[in-house]
Amino acid sequence: MTSARARGRVGGRRPKLTTDQAELAQQLYDAREKTVQQIADRFNVPRSTVYGHLDKTKTVPRQPKKTAVTKP
């Protein structure tokens with residue numbers, strides 16, 4: 001590891017999404033244009049990868065859709 005670091009390697013797995021893809025995923029998620037599954041399908045990654053790339057400090061958690069209650 002020491003010699004690898006001396007050559008500029010830091011170790012670890014490379015991210016599945018590029019920086020641009022992660023930014024686009026964040027924008028689509030924040031704008032509520034696509035579901036997480038649709039974003040994952042767009043980049044051919046699992047949903048967990050999309051969640052891992054979302055910025056937790058900026059991301060607003062989604063609330064379930066409220067259904068209209070009609071009184072008979």
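Start by selecting Leu 54, which sits in the segment after α4. The model on screen is a predicted one. Leu 54 is buried, at a relative accessible area of 7%. Now add Ala 25 and draw a C-alpha to C-alpha distance: Leu 54 and Ala 25 are 7.5 Å apart in space, with their positions 29 residues apart in sequence.

**The core**

Leu 54 and Ala 25 both belong to the largest nonpolar core, so extend the selection to the full set under the core definition. The core has 11 residues: Leu 17, Ala 25, Leu 28, Tyr 29, Val 36, Ile 39, Ala 40, Phe 43, Val 45, Val 50 and Leu 54. Colour this set by element. Two elements, α2 (19–30) and α3 (36–43), give two or more residues each to the core. The largest contribution is that of α3, with four residues. As background, nonpolar side chains in soluble globular proteins tend to be buried together.

Keep Phe 43 selected and show what surrounds it. Beyond its neighbours within four places in sequence, Phe 43 is in contact with Leu 17, Gln 21, Leu 24 and Ala 25. Of these partners, Leu 17 and Ala 25 are also listed in the core.

**The α2/α3 pair**

Next, show α2 and α3 as cartoons and hide the rest. A packed pair of helices is described by the angle and the distance between the two axes. How do the axes of α2 and α3 cross, and within what distance do they come? They come within 10 Å, and the crossing is at roughly 155°. An angle over 145 degrees counts as roughly antiparallel, and α2 and α3 are therefore roughly antiparallel to each other. The crossing of α2 past α3 is right-handed.

Turn on side chains for the contact. From α2, select Gln 21, Leu 24, Ala 25, Leu 28 and Tyr 29. From α3, select Val 36, Ile 39, Arg 42 and Phe 43. By class, the residues of this contact are seven nonpolar, one polar and one charged.

Stay on α3 and pick Gln 37, which is placed in this helix. Is Gln 37 buried, partly exposed or exposed? Its relative accessibility is 34%, so Gln 37 counts as partly exposed. Measuring from Gln 37 to Ser 48 in the viewer should give a C-alpha separation of 9.5 Å, for two residues 11 apart along the chain.

**Two loops with positive phi**

Bring back the whole chain and go to the loop between α2 and α3, where Arg 32 is found. Check its backbone torsions: Arg 32 is not a glycine, yet its phi is positive, at about 60°. Arg 32 counts as partly exposed, because its relative accessibility is 47%.

Then move along to the loop between α3 and α4, and select Asn 44. Asn 44 also has a positive phi, here about 55°, and is not a glycine. Its relative accessibility is 68%, so Asn 44 counts as exposed.

**Helix α4**

From Asn 44, go on to α4, which covers residues 47–53, and select Thr 49 in that helix. Thr 49 is buried, with a relative accessible area of 16%. What does Thr 49 touch, setting aside residues up to four places away in sequence? It touches Lys 16 and Leu 17. Leu 17 is one of the core residues selected earlier, and also one of the contacts of Phe 43.

**Toward the N terminus**

Now select Gly 11, in the loop between α1 (2–6) and α2. At 46% relative accessibility, Gly 11 counts as partly exposed. Draw a distance from Gly 11 to Met 1: the C-alpha atoms are 8.2 Å apart, and the residues are 10 apart in sequence.

**The whole chain**

Finish by zooming out and colouring by secondary structure. The chain has four helices and zero strands, and its elements run α-α-α-α from the N terminus on. Colour next by relative accessibility: of the 72 residues in the chain, 22% are buried. Last, display contacts between residues at least 6 apart in sequence; 59% of these join residues at least 24 apart.

How values were computed: Residues numbered from 1 in each chain as written. Predicted model: local features only at pLDDT ≥ 70, side-chain atom pairs only at ≥ 80, totals over all residues. Heavy atoms only, no water. Buried < 20%, exposed > 50% of the residue type's maximum accessible area, 1.4 Å probe, protein only. Contact = heavy atoms within 4.5 Å. Core = buried A, V, L, I, M, F, W, Y, C linked by side-chain atoms within 4.5 Å. Axes fitted to C-alpha atoms, helices over the stretch in contact; angles between N-to-C directions. Parallel < 35°, antiparallel > 145°, perpendicular 65-115°, else oblique. Left-handed = near helix turned anticlockwise from the far one by under 90°. Nonpolar A, V, L, I, M, F, W, Y, C, P; charged D, E, K, R; others polar.
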